[in-house]
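Work through the exercises below with the sequence and the 3D structure open beside you. Try each task before reading its solution.

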Amino acid sequence: MKNPGPPGDLFLASTSSARKALMDGLGLPYRTEAPGVDEHVPAQLSALEAVAMLAVRKARAVHERHPDAWVLGADQLVEVEGTTLGKPHDRDAARAQLGRLLGHTHAIHTGVCLVGPGGHLTQAVETTHLTFFPLPPEELERYLDTGEWEGCAGSYRVEGQGQALLAKLEGDRTNVQGLPMLPVVRLLRQAGFAFFARP
Ligand SMILES: Nc1nc2c(ncn2[C@H]2C[C@H](O)[C@@H](COP(=O)(O)OP(=O)(O)OP(=O)(O)O)O2)c(=O)[nH]1
């Protein structure tokens, strides 16, 4: 039986290896392209509003270069006690971030946006709540030595050794890694993408 054709080329507007790994798991043919956008947003925006705005901005930026394609963009922030955390720029910043998360519960929000040919846009925001164990400073330093903090909002990898930080997780685990796969699959199915194509 002939595979149902995809409604058009699919791009993941991302430089994130974590997002690529999650998309690879779906088995859909797609290409990645860096969004190359300014990620500044108005300071008064909530974390939820910020990740929604940036996911749209990233998807639209790549879609402008490929107007006949479908483009998926995403953005993620950690929110803890009213403060938002992005990716740490160095080990000291990662130590400070984890210092706020250890022994507390935080939220990780990911906005996703799918833009189709003609600019039709659908989007979703997903939140996962994580509670971390408190750690003595020496154990925190050993976690920092793993280097898992690099490139990760919140300075941890939930699928790596960072699992040992986790006392509780409420919500979608893939959302923590960078793409909430339940909403992503819903948006792709609504757009007409067919899964499980025969080679
Ligand atoms: N592998 C892994 N990555 C994580 C985890 N938590 C957060 N991240 C990564 C996923 C994203 O790459 C990054 C969130 O930062 P952004 O949303 O700004 O995306 P990023 O700049 O990395 O890539 P992009 O804007 O999509 O090109 O943090 C985790 O637990 N595991």
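The exercises that follow deal with a predicted model, and each solution goes step by step.

**Exercise 1. The sides of a helix**

Task: Find which residues of helix α3 are buried, and explain how they are placed around the axis.

Solution.
Step 1. Helix α3 spans residues 91–101, and its buried residues are Ala 93, Ala 94, Gln 97, Leu 98 and Leu 101.
Step 2. These residues cover an arc of only 130 degrees around the axis, so they sit on the same side of α3.
Step 3. The spacing follows a general rule: an α-helix has 3.6 residues a turn, so residues three or four places apart point the same way.
Step 4. The cover over the buried residues of α3 includes strands β3 (70–80), β4 (83–85), β5 (105–115) and β6 (121–132), and also α4 (137–145).

**Exercise 2. The ends of the helix**

Task: Which residue caps the N-terminal end of α3, and which residue just after α3 takes a positive phi?

Solution.
Step 1. The cap at the N-terminal end is Asp 90, with a side-chain oxygen 3.2 Å from the backbone nitrogen of Asp 92.
Step 2. Just after the helix, Gly 103 has a positive phi of about 80 degrees.

**Exercise 3. Aromatic pairs**

Task: State how many aromatic pairs a search of the whole structure finds, then classify the pair of Trp 70 and Phe 193 and the pair of Phe 132 and Tyr 156.

Solution.
Step 1. The search gives 3 aromatic pairs.
Step 2. For Trp 70 and Phe 193, the centres are 5.9 Å apart and the planes make an angle of 80 degrees, an edge-to-face pair.
Step 3. This pair links distant parts of the chain, 123 residues apart: Trp 70 belongs to strand β3, while Phe 193 belongs to the segment after α6 (181–190).
Step 4. Trp 70 is buried, at a relative accessible area of 10%, and Phe 193 is buried too, at 6%.
Step 5. For Phe 132 and Tyr 156, the centres are 4.9 Å apart and the planes are at 80 degrees; because planes over 60 degrees apart count as edge-to-face, this pair is edge-to-face.
Step 6. Phe 132 is in strand β6 and Tyr 156 in the loop between α4 and β7 (166–170), so the pair ties together parts 24 residues apart in sequence.
Step 7. Both Phe 132 and Tyr 156 are buried.

**Exercise 4. Around the ligand**

Task: How many residues surround the ligand, and how much of the ligand's area does the protein bury?

Solution.
Step 1. The ligand is surrounded by 20 residues, and the closest are Ser 14, Thr 15, Arg 19, Lys 58 and Val 158.
Step 2. Next, look at the polar atoms. A polar side-chain atom of Ser 16 is 2.8 Å from an oxygen atom of the ligand.
Step 3. An N or O atom in the side chain of Lys 87 also lies 2.8 Å from a ligand oxygen.
Step 4. With Tyr 156 a backbone N or O atom is involved, 3.4 Å from an oxygen atom of the ligand.
Step 5. The ligand taken alone exposes 620 Å², of which the protein buries 94%.

**Exercise 5. A residue in strand β6**

Task: Is Leu 130 buried or exposed, and which residues is Leu 130 in contact with?

Solution.
Step 1. Leu 130 is part of strand β6.
Step 2. Its relative accessible area is 0%, so Leu 130 is buried.
Step 3. Leaving aside neighbours within four places in sequence, the contacts of Leu 130 include His 104, Ile 108, Tyr 156, Val 158, Leu 166 and Val 176.

**Exercise 6. Positive phi outside glycine**

Task: Compare the surroundings of Ser 155 and Phe 196: which is buried and which is exposed?

Solution.
Step 1. Most residues other than glycine have a negative phi.
Step 2. Ser 155 has a positive phi near 70 degrees, and Phe 196 has a positive phi of about 60 degrees.
Step 3. Ser 155 lies in the loop between α4 and β7 and is buried, at 0% relative accessibility.
Step 4. The side chain of Ser 155 makes a polar contact of 2.7 Å with the side chain of Gln 97.
Step 5. Phe 196 lies in the segment after α6 and is exposed, with a relative accessible area of 72%.

Notes. Residues are numbered from 1 along each chain as its sequence is written. Side-chain values use heavy atoms; hydrogens and water are left out. Buried means under 20% relative accessible area, exposed over 50%, partly exposed in between (1.4 Å probe, protein chains only). Helices (H or I, at least four residues) and strands (E, at least two) are DSSP runs, numbered from the N terminus. The arc is that of the directions from the helix axis to the C-beta atoms. Contact means heavy atoms within 4.5 Å. A polar contact is a pair of N or O atoms within 3.5 Å; within protein, one must be able to donate a hydrogen and the other to accept it, and residues adjacent in sequence count only if both atoms are side-chain atoms. Rings of Phe, Tyr and Trp (its six-membered ring) pair if their centres lie within 6.5 Å; planes under 30 degrees apart count as stacked, over 60 as edge-to-face and the rest as tilted. A residue is near a molecule or strand if one of its heavy atoms lies within 4 Å of it. Accessible areas come from the Shrake-Rupley method with a 1.4 Å probe; for residues, only the protein chains shown count as cover.
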